[in-house]
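Here is a friendly tour of two topics, pockets and a sheet. Have the structure open beside you as you read.

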Amino acid sequence: MSDQVEQMTMFDEAPDFRLTSRYRSGVFRTRAELAEGLRQEGRDEIYHVLSFGGGTQSSHLLEQHFRGEIHYDYIVFSDTGAEPEFIHEQVKWWQRRQQEIGNKTPFIITRHSNMSGGLEEMLMRWILTDYQRFQMPVYCSSLDRKTGEIKPAGMMPRQCTVDFKIIPVKQAVRRAVLQKHGLKSNQKMPANVGFIIDIGFSYDEIRRINTDQSPQFQYIRLAYPLVEENLTTADSIHFLEVNQFPTRRSRCYLCPFNCDGDRDIGMDWDEIIEAEPLSFLKACWFDAELRRVQLGGTKIMNSIPYLHYSRRPLAEVYSIEYERLKDTYASKLKEWVNKWQEVIEEKWMKEIAA
Ligand code: SF4
């Protein structure tokens with residue numbers, strides 16, 4: 001079934017994940033099927049993990065866990081270093097709820113293993129050093145050198161979700177279970193241990209599912225329980241609203257998937273501008289710096305990067321807001337840039353000099 005046909009089928013008929021091409025062709029299996037597969041490999045000590053993002057869908061799963069509807073041995077939030085403060089507030093809100101209801105499941109907060117400053121650190125490293133690995137899904141344009149014409153040229157891969165969200169979760173639970181077995185993090189996982197990590201993709205996001213097998217660790221599988229429940233993003237938001245739980249969508253403040261009001265998916269630049277003007281100005285700063293550095297010709301990135309889907313500078317798309325805010329936050333922005341310059345010099349320039 002082509003993606004287009006699948007999309008039509010998905011919304012014409014009652015949702016049923018078992019009818020989708022991704023399930024039928026074995027791109028993913030259910031939690032029960034994954035557990036059975038692990039047991040057949042002799043892995044009968046299976047840990048169920050929630051990769052918690054602090055937003056709507058994984059909060060829905062967390063509440064299902066609190067209600068005893070889904071079992072987790074670990075809840076793990078990986079901090080990308082660029083979530084808006086309101087997402088950190090939501091994470092704290094859920095931690096308080098966990099305490100209030102007396103749920104004792106370990107709730108781990110983790111980060112990227114060698115870039116603990118997360119996406120901000122990766123971007124600053126790319127801007128300030130010869131680091132080449134660009135890990136964000138920016139919109140690209142290409143320049144036709146003969147005609148001078150600039151044309152849209154796709155998007156960079158969404159590598160940040162894997163590198164700053166999913167891998168740190170895997171590493172954190174791996175460490176926790178090795179420790180439980182009295183082993184160090186560089187030792188081998190016992191042969192009877194397996195993991196199923198739940199990711200909060202919804203039925204309407206089924207095309208984001210690429211695999212149920214961790215490429216890094218043979219004994220880790222990935223499951224998509226909201227898809228198995230045939231629940232959409234709107235269903236999760238409705239559930240949270242009805243229960244008067246927090247409903248902000250999780251993402252990074254500079255995420256290129258942020259949109260405008262007319263493409264409303266609940267993750268928009270307006271929310272960032274209103275709630276965190278300084279973060280908006282940081283995003284504008286990164287947006288301009290990425291193009292300045294790319295045009296300098298020292299990077300392997302051939303295309304011209306933009307954070308906004310219109311492939312225009314963010315400060316130009318929101319020129320009224322930008323002009324209104326830039327002077328008020330100028331010193332704070334400068335302080336932030338200076339702080340990062342010091343960190344990058346201390347941590348990564350040494351590596352270059354060595
Ligand atoms: S929210 Fe956006 S920028 Fe942040 S990790 Fe996900 S895709 Fe990357």
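Helix 7 gives the largest share of the lining of the largest pocket, with five residues. Please keep in mind that this is a predicted model. Helix 7 covers residues 159-180, and it is one of several elements that each supply at least two residues of this lining; the others are strand 1 (45-52), helix 4 (56-66) and helix 9 (233-242).

If you would like to find the middle of the largest pocket, look for R158, E205, R208, S250 and M267, the lining residues that lie nearest its centre.

Which element gives the largest share of the lining of the second largest pocket? Once again it is helix 7, with five residues. Here the lining residues nearest the centre are V162, I166, F201, R208 and N210. R208 is thus on the list for the largest pocket and on the list for the second largest pocket.

The table sets out the two pockets side by side.

| Pocket | Volume | Lining residues | Classes in the lining |
|---|---|---|---|
| Largest pocket | about 1000 Å³ | 42 residues | 20 nonpolar, 11 polar, 11 charged |
| Second largest pocket | about 410 Å³ | 17 residues | eight nonpolar, five polar, four charged |

Now let us turn to the sheet. Three strands make up an open sheet in the order 5-4-8, and their pairing is antiparallel. Why is one side of strand 5 and of strand 8 left without a neighbour in the sheet? Strand 5 (150-155) and strand 8 (304-306) stand at the edges and each has a single partner strand, so one side of each stays free of a neighbour there. On average, neighbouring strands of this sheet are turned by 35° against each other, with direction ignored.

The pairing of strand 4 and strand 5 can be followed residue by residue. Strand 4 spans residues 139-143 and pairs with strand 5 in the antiparallel sense over four bridges. Among the partners, S141 is matched with P152 in strand 5, and S142 is matched with K151 in strand 5. As a general point, the side chains of a regular strand alternate between the two faces of the sheet.

What do strand 4 and strand 5 form, and how many residues lie between them? They form a hairpin with six residues between the two strands. In the turn you will find G148, which has a positive phi of about 80°.

Methods:
Residues are numbered from 1 along each chain as its sequence is written. This is a predicted model: local features need pLDDT of at least 70, side-chain atom pairs count only at pLDDT 80 or more; totals for chains, interfaces and linings use all residues. Side-chain values use heavy atoms; hydrogens and water are left out. Two strands pair if DSSP finds at least two bridges between them. Axes are lines fitted to C-alpha atoms, for helices over the stretch in contact, and angles run from 0 to 180 degrees between N-to-C directions. On a 1 Å grid over the protein atoms alone, a cavity is a set of points where a 1.4 Å probe fits but cannot get out, and a pocket is an open set with protein on both sides within 12 Å along at least five of seven lines; lining residues have an atom within 4 Å of a point. Grid points are joined across faces, edges and corners, and a volume is the space filled by probe spheres set on the points. Ala, Val, Leu, Ile, Met, Phe, Trp, Tyr, Cys and Pro count as nonpolar, Asp, Glu, Lys and Arg as charged, and the others, Gly among them, as polar.
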